[in-house]
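Here's a model to poke at, with a few questions about why its features get the labels they do. Have a look first, then read on.

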Amino acid sequence: MNVRSIHVRLILWYTVLVIFTSVGFGAYTYQSLRQRLYDEMKETLTRRVEHVRDDVLTHITTYTPDALKREIQDVYSPEENDRFIRISNSDGSTLYVSGSPRDKNFDPSRIPLPKDYTAKVSERMEQLRSSEKLLLVGFITPLAGNNYVVEMGAPIDQIDSALRKLIITLLIGLPVIIIIAVAGGSLLIRRALHPVETIRATAEQITFSNLRQRLPVAATGDALEHLAKTLNQMLERLDLAYQQASRFSADASHELRTPLTIMRSELESIESTMHAGQLPLAIRERIGSVLEEAERLSGIVEGLFAIARLDAGEAKIGHEAFDLAALVRSTVEQMQLLAEEKRISILIDAPGPVFVAGDAARLKQVIVNLLDNAIKYTLAGGIITFSVFLEQAKAILRIKDNGIGIPSEELPHIFERFYRADKVRSRTTQGAGLGLSIVRAICQAHGGTAQVQSTEGTGTIVTIELPLADRNLQENFNAAA
Ligand SMILES: Nc1ncnc2c1ncn2[C@@H]1O[C@H](COP(=O)(O)OP(=O)(O)OP(=O)(O)O)[C@@H](O)[C@H]1O
Ligand SMILES: [Mg+2]
């Protein structure tokens, strides 16, 4: 997973979290405010009802209907306060009911009597006209063999309108809060992940050819600084181990060169005296075969030595500017005989000169190794095409053949030392599996790359990418030419 997708994932999680918490907070605020307003209203109504019960109902028998009306009117003035008051009896008679409120919000005469006169407290909501509601609280009081109910009610439209306003505020406010939180969060996540991205990008570029490079360490004093330092220490150890291994390969192949050269020259001198007929034929043949093997071994040791020195950065790489297309032409000419033996034709597609800055001798080795492979792994009558061109400020050398190709499962390994595809190994074709390792080591030493595409049974394309000679070098070259 790359840093970008971590970023996207974190933001998604963060957005979900922000939305959930904001919506949850909004719902909680709404619900608790609603509950509180209702509770407060109920409490007020309950207190008043208790008041009426204690002050008026307990003396009900002493009041005439008019006196009762006056008493309640004087103390509570329900009409002015938009309140509803009723005293009723379980036999269905109403002793007192308040008049219409000032705003004519409800009609007291149309509010049904309570259904139950046996419960202690009655509390209900009566739906009035269209959307309005009246909250009613009533106390049932047994008195002189009768059950009386004192009810007090108040419209709840004020509560509803307060709650509606809250919803509107939340509907406008929450999206704004969510947008600000997500944008701010995204910015913070991006900033927090930036050093990770820098470390990743640098780490991606570190290969065995530039193990000396280190990851950037931002002095933030946090876990990332610690991580970068720890990774750098690990690179240090890897670099050391790799250097030791490369030096060992370089030293070992270097040490092997001298005895091998001596062996070869001894065998060659024996071979030259053989022609004088001093030795029997069977022994001559054996010596010839030993000499062949010694030459092969010598080739392998030379190859290993070259790779080890290039890998260890010990090999000196020239940086003169030269025309890659011309180098391809001359090398192909020298190797033409090999191709002709197999009736393979070689085409060169190089419309103009392509100047690269590099070591001509080593890049010639690249062309030789690639052409050697193309000829070796192409059947008689095949075609090999070289193309040399410029692409995106790089020099491209491409060699295409219509040979046996490489199975896709073997493709990732062919640049490894001594790796040869199974099919090739079982054949008699000569080779140690070092050619492409040398090609890659030389390309990397030039700051270039080597890539292979192949389809089994169809053919192979090897693409070499090299840095162009810089303008100065190119101009010098032009001036000299
Ligand atoms: N043009 C090609 N067509 C098909 N297979 C190829 C081609 N080039 C390389 N290969 C495969 O990749 C393997 C590695 O190539 P490499 O050049 O490193 O070794 P080699 O040719 O076997 O031996 P050496 O080059 O050391 O003589 C080869 O053995 C072969 O299987
Ligand atoms: Mg080869």
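Q: How many positive and negative side chains does the chain have, and how far apart do the centres of the two sets lie?
A: This is a predicted model, by the way. In the chain there are 53 positive and 58 negative side chains, and the centres of those two sets are 2 Å apart.

Q: What makes Phe84 and Phe106 an edge-to-face pair?
A: Two cut-offs settle this. Rings pair if their centres lie within 6.5 Å, and planes over 60 degrees apart count as edge-to-face. For Phe84 and Phe106 the centres are 6.4 Å apart and the planes sit at 75 degrees, so edge-to-face is the right label. By this rule the count comes to one aromatic pair.

Q: Which parts does the pair of Phe84 and Phe106 tie together?
A: Phe84 belongs to strand E1 (residues 84-89), while Phe106 is in the loop between strand E2 (94-97) and strand E3 (121-127), so the pair links parts 22 residues apart in sequence.

Q: Why is Phe84 called buried?
A: Buried means under 20% relative accessible area. Phe84 has 0%, so buried it is. Phe106 gets that label too, with a relative accessible area of 4%.

Q: How do you know what radius of gyration a compact globule of 481 residues would have, and what does the chain have?
A: The globule rule is 2.2 Å times the number of residues to the power 0.38. That puts a compact globule of 481 residues near 23 Å, but the chain has 49 Å. The C-alpha atoms fill a box of roughly 160 × 50 × 50 Å along the principal axes.

Technical notes:
Residues numbered from 1 in each chain as written. Chains lettered and ligands numbered in written order. Predicted model: local features only at pLDDT ≥ 70, side-chain atom pairs only at ≥ 80, totals over all residues. Heavy atoms only, no water. Lys, Arg positive; Asp, Glu negative; His and termini not counted. Charge placed at Lys NZ, Arg CZ, Asp CG, Glu CD. Phe/Tyr/Trp six-rings, centres within 6.5 Å; stacked < 30°, edge-to-face > 60°. Helix = DSSP H or I, 4+ residues; strand = E, 2+ residues; numbered from the N terminus. Buried < 20%, exposed > 50% of the residue type's maximum accessible area, 1.4 Å probe, protein only.
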